[in-house]
Structures are given as C-alpha cells and as structure tokens.
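User: Please show me the structure, and then let us work through its fold and charges by question and answer.

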Amino acid sequence: MVVAGVEVKLNRLESIVEQIGEAVLATTETIDRLADRIDSLSNQVEAQGKQLQQQGYQILALCDAVQTLAESQDNSLQKLTQLTQALEGLVALIKESGD
C-alpha cells in the first residue's frame, strides 16, 4: 500500500515536472517570437529614421535652392530697375529733342 502511494506521488510529481517543462518551452518560444518582432520593429524604426534624415537633407537643399532663386530674382529686379530708369531717361531725351 505504501509503495502504491509513493508510486502515485511519483507519477503526479513526474506529471507536474512535465507540465513545468512544457510551460518553459512555450514561454521560450513566445519570447523568441517577441524578440523577432522587436527586431523587425527596430529595423523599421531605423529605416524610418534614415528616411527622415534624407528628407531633412532634401529640405535643406530645397531651402538653399529657394534662397538662391530669391537672390537671383532680386538681382534681376535691380537690373530691370536700372534698365527702366535708362529707358525713361532716353524717352525724356527724345521728347526734349522733339520739342
């Protein structure tokens, strides 16, 4: 009778140890899947960071181009102003000589 009781307890203990082992394996698999997902997300975040950095460089280049265009526009406006003044002077001279 005592031997049978010990046998039952050993069987139960063996079952408990087996369940713990299965739980550990399941937990390990879950952790592995989570680690894979975290790696994937990390790679995505890194790629997005690089993309944002590239966009930042593009914005800076665009700002430089707009500034250059504005300076060129200002220079053209100054030349047009000088040309207009010269033409006005020429028209005034022509009018004076015609009178």
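The turns below take up the fold, the surface and the charges.

Analyst: This is a predicted model, in which local features need pLDDT of at least 70 and side-chain atom pairs count only at pLDDT 80 or more, while totals for chains, interfaces and linings use all residues. Residues are numbered from 1 along each chain as its sequence is written, and side-chain values use heavy atoms, with hydrogens and water left out.

User: How many helices and strands are in the protein?
Analyst: Helices (H or I, at least four residues) and strands (E, at least two) are taken as DSSP runs, numbered from the N terminus. Counted in this way, the protein has 1 helix and 0 strands.

User: What radius of gyration does the protein have, against that of a compact globule of 99 residues?
Analyst: The radius is taken over C-alpha atoms, and the globule rule is 2.2 Å times the number of residues to the power 0.38. The C-alpha trace spans about 145 × 15 × 10 Å along its principal axes. Where a compact globule would be near 13 Å, the protein has 42 Å.

User: Which residue meets Lys50 in a salt bridge?
Analyst: A salt bridge is a side-chain nitrogen of Lys or Arg within 4 Å of a carboxyl oxygen of Asp or Glu, and the count by this rule comes to 1. Lys50 and its partner both lie in helix α1 (residues 2-98), 4 residues apart, about one turn of the helix. The N to O distance is 3.7 Å, and the partner of Lys50 is Glu46.
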